[in-house]
Amino acid sequence: MKVYVRKLSGFWYARVTWVDANGKRHEKNKSTLIECNEEDNRGKKAAEEYAAAWARKLNISDKGTSNGATMTLYAYCRAHYATLQAMGHIEGRTAAGYKTSLNYLDQYFGEKKIGEITTAEVESFIQWLTERGLSNNTIKKTFNVLHHCVRQAVAVRDIEWDYCAAIKPPKRQLPPPNPLDEPSRKKLLFMLENLEKTPYVVACYLAYYTGMRRGEICGLRWCDVELTPGSEYINVRQAVSIEEGGTYVKLPKTNKERRIPIPASLAAILKERRAGLLEDCMLCGISFEPAMFVCGDVEGHYLHPSPLSKWWQQHAKEWGLMGTQKRRPVFHDLRHTFATIAVRATDPKTAQDILGHADINMTMRYADTTTEQLEKARSPLASALGESKDTGAKVEKFPRKAANF
């Protein structure tokens, strides 16, 4: 059996040819739904992986053909996730996140076929990951990547049994949030105030004052920002995400738009940023468009998330910023900082809507009670617990009967 890919009407198409036991030649064709152009081979690798996965599922038996059980574990898993991505079942960022896990499978199992692996070997694999010093979260994620593919292989009858079913991976450990401590918050605002309102600086302000995610900040457009006095809001409608080989624009994390109030301090910063962008457009002879990105440039490009994180990492270290967990804060910790303040300043449901959490339990992770709050609760609790003394309720006393022995 031979597998090919070719361009047709703007898409990559897969073709499978084989010769049966009687010497008769056969052929099948299928669109991969992966776009292409005539100028280069962009998307060819993904198309080839999709084609290989599709050919495997055909389970064709001919003179030189082997089914999915004879594919290496790494090749089988990579082809399966490439198919899911091509069909739109997982996003590019998700697929890129599986790359590290797939590399671990490749390093450990090598040329081992997916149909040759045993439960004992999977247990040894988990032990190998542990000895490398990987966290429980990474080990569990890698195991889940493997187990998902094994279940798929069983479902399409490439293998007969699920050798991962009896294994319990380490429990996932969710680290506590690391918002900026009080001195670092004050220092951050002081340092930002003395910098030019570049896209990086404005991005930091947005994260601190709104709790927006990094990708949402990079994907924020001026048409989604309302700066009318008395009605100042940000409408989160899209985000920039990273995939293997580049970036793309997508819906927010929960696939749901949300509305965030803009505090006065941030409104002034955004107005200053917009005025500067308008001036740059005039100097370049370019018309300002509401679809331009708040942290982008006059040519309509958005800010790439990775350089933003590197910029923050460099400056957080230079400024000596520290989080409440005594760790150097990453850019996402600005969102944690906002979340910690939001759950104390508003009710949990409002904080959840502003932050865009799908689950209220995620929001409540930031609701740790401070010592000051405990002290304030002392008197109200004492008063409430002692109210029974003043209710006027009559307590009836009954004579105690002597016990008969």
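Contact, on this tour, means heavy atoms within 4.5 Å. Keep in mind as you click around that this is a predicted model.

**The whole chain**

Start with everything shown as a cartoon. The chain has 405 residues, and 39% of them count as buried. You can pick out 15 helices and eight strands. Now turn on contacts between residues at least 6 apart in sequence: 62% of these join residues at least 24 apart.

**Stop 1: Asn235**

Select Asn235, which sits in strand β5 (residues 231–236). Is Asn235 buried or exposed? Its relative accessibility is 8%, so Asn235 counts as buried. Leaving aside residues up to four places away in sequence, Asn235 touches Leu220, Asp224, Glu226, Arg258 and Arg259. Zoom in on Glu226, because buried Asn235 has a side chain joined to that of Glu226 by a polar contact of 3.0 Å.

**Stop 2: α2 against α6**

Next, select residues 73–86 for helix α2 and residues 136–155 for helix α6. Two packed helices are described by the angle between their axes and the distance between the axes. Here the angle is about 85° and the axes are 10 Å apart. An angle of 65 to 115 degrees counts as roughly perpendicular, so that is how α2 lies to α6.

Show side chains to see who makes the contact. From α2 come Leu73, Tyr76, Cys77, His80, Tyr81 and Leu84. From α6, look for Asn144, Val145, Leu146, His148, Cys149, Gln152 and Ala153. Color them by type and you get nine nonpolar residues, four polar ones and no charged ones.

**Stop 3: helix α4**

Stay with α2 and α6 on screen and add helix α4, residues 99–109. Which residues of α4 are buried? They are Ser101, Leu102, Tyr104, Leu105 and Phe109. Look down the axis: these residues cover an arc of only 155°, which means they are on the same side of α4. What do the buried residues of α4 pack against? Their partners are α2, α6 and α5 (119–131). Step past the end of α4 and you reach Gly110, with a positive phi near 55°.

**Stop 4: Glu48**

Finish at Glu48 in helix α1 (residues 44–58). Glu48 is partly exposed, at 40% relative accessible area. Now add Val3, which is 45 residues away from Glu48 along the chain. Draw a line between the two C-alpha atoms, and the separation is 8.2 Å.

Terms used. Residues are numbered from 1 along each chain as its sequence is written. This is a predicted model: local features need pLDDT of at least 70, side-chain atom pairs count only at pLDDT 80 or more; totals for chains, interfaces and linings use all residues. Side-chain values use heavy atoms; hydrogens and water are left out. Axes are lines fitted to C-alpha atoms, for helices over the stretch in contact, and angles run from 0 to 180 degrees between N-to-C directions. Helices (H or I, at least four residues) and strands (E, at least two) are DSSP runs, numbered from the N terminus. Angles under 35 degrees count as roughly parallel, over 145 as roughly antiparallel, 65 to 115 as roughly perpendicular and the rest as oblique. Ala, Val, Leu, Ile, Met, Phe, Trp, Tyr, Cys and Pro count as nonpolar, Asp, Glu, Lys and Arg as charged, and the others, Gly among them, as polar. Buried means under 20% relative accessible area, exposed over 50%, partly exposed in between (1.4 Å probe, protein chains only). A polar contact is a pair of N or O atoms within 3.5 Å; within protein, one must be able to donate a hydrogen and the other to accept it, and residues adjacent in sequence count only if both atoms are side-chain atoms. The arc is that of the directions from the helix axis to the C-beta atoms.
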